[in-house]
Amino acid sequence: MNLALSEDRLARAHPQDAITEAVYVAVRIPKSGSESLAELLRAAFPESHRFYLPSTYDADGQLSLLQRLRFLRSRGRNLMERYRTLDMHDAYEAIEETAQYGDLIEGGHIDFPTVRANIGRKLRIITLLRDPAQRSLSEYNYARQVYERRHPLRRFTVALISKIAGTRDYDGFLDFMEEHRAVYGDIASRYIGWDGVENLSSYFARSVFHAGVLEDRDRFARELSEKLGKNLAFPHQNRTVNPAETAVTAAQRTKIEKIYARDMALYLWTRSHI
């Protein structure tokens, strides 16, 4: 039996503008200021109004059984800690039953299509995008450092993407991404659920509460402050120390634009329209 409170009942309990009434979902796209976004949203939403979900999209696990088991182990540990269960559907049900308008779903790297498919509530995205070329370069540098810092005898336990970054130069890393574009490509679009076909103005109108770009992070924080009626400032941005690569060449950018073609369109539209 579905024990979720009805939308009508919640609307009566929280008489706000029906257009903006929703449960918000923090969509933290990897290497797009996601840690800073999480910190900003912790300041924006009291703990009593935040609901945790572990990461939902397992890219590495689509290529490796070991990586899939690694993902499930981490997810199970997080679910047990917060919900005393190993079943994601129990977490979805708990959120559906208790979350109210204005609350926030946060946690790991959550993809919006999965949350929307499993929580029968009106949901709206809060997210931060980044230039796909800079996001890719940052991902490579971070993943490479994870691999290099792990003891050689324990490197088999790192994420697949870290193994690739740790054993290849940036061009080789991009080759891997291109070869497995169906899994790793257009990651930002995948996380927010844009199919590349629907008009972005329409998609944002029905799915997004607040979005911006990392390159204009102060504006993102300022406009979120205005929407929520709170004084928020974008936190210090985490940066990879001593990165292996510091610039994207013209040839590399051409390859990135192929791997992340939809993400490039999404980023450019958001930067010019939001």
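**Exercises: one cavity and two helix pairs**

The largest cavity has a volume of about 60 Å³. The model is predicted.

**Exercise 1. Describe the largest cavity and its lining.**

Step 1. Count the cavities. The structure holds one cavity of 30 Å³ or more.

Step 2. List the lining. I29, S32, L129, R130, P132, R135, A188, Y260, D263, L266 and Y267 line the largest cavity.

Step 3. Assign the lining to elements. Helix 6 (132-149) and helix 14 (261-273) are the elements that give two or more residues to it. Helix 14 supplies the largest share, three residues.

Step 4. Sort by class. Seven lining residues are nonpolar, one is polar and three are charged.

**Exercise 2. Work out how helix 2 and helix 12 are arranged, and which residues meet.**

Step 1. Start with what is needed. A packed helix pair is described by the angle between the axes and the distance between them.

Step 2. Read off both values. Helix 2 covers residues 34-44, and helix 12 covers residues 217-228. Their axes come within 12 Å and cross at roughly 25°.

Step 3. Classify the angle. Angles under 35 degrees count as roughly parallel. Helix 2 and helix 12 are therefore roughly parallel to each other.

Step 4. Give the hand. The crossing of helix 2 past helix 12 is right-handed.

Step 5. Find the contact residues. Helix 2 brings L37, L40, L41 and A44. Helix 12 meets them with F220, A221, L224 and L228.

Step 6. Sort by class. The contact of helix 2 with helix 12 has eight nonpolar residues, no polar and no charged.

**Exercise 3. Is helix 3 roughly parallel or oblique to helix 4? Give the contact residues too.**

Step 1. Read off the geometry. Helix 3 (residues 65-83) packs with helix 4 (residues 88-98) at an angle of about 40°. Their axes are 10 Å apart.

Step 2. Classify the angle. The roughly parallel class takes angles under 35 degrees, and the roughly perpendicular class runs from 65 to 115. An angle of about 40° therefore makes helix 3 oblique to helix 4.

Step 3. Give the hand. Helix 3 and helix 4 cross in a left-handed way.

Step 4. Find the contact residues. From helix 3 come R75, L79 and Y83. From helix 4 come M88, A91, A94 and I95.

Step 5. Sort by class. The contact of helix 3 with helix 4 has six nonpolar residues, no polar and one charged.

Technical notes:
Residues numbered from 1 in each chain as written. Predicted model: local features only at pLDDT ≥ 70, side-chain atom pairs only at ≥ 80, totals over all residues. Heavy atoms only, no water. Axes fitted to C-alpha atoms, helices over the stretch in contact; angles between N-to-C directions. Helix = DSSP H or I, 4+ residues; strand = E, 2+ residues; numbered from the N terminus. Parallel < 35°, antiparallel > 145°, perpendicular 65-115°, else oblique. Left-handed = near helix turned anticlockwise from the far one by under 90°. Contact = heavy atoms within 4.5 Å. Nonpolar A, V, L, I, M, F, W, Y, C, P; charged D, E, K, R; others polar. 1 Å grid on protein atoms, 1.4 Å probe; cavity = no way out; pocket = protein on both sides within 12 Å on 5 of 7 lines; lining within 4 Å. Points joined across faces, edges and corners; volume = space filled by probe spheres on them.
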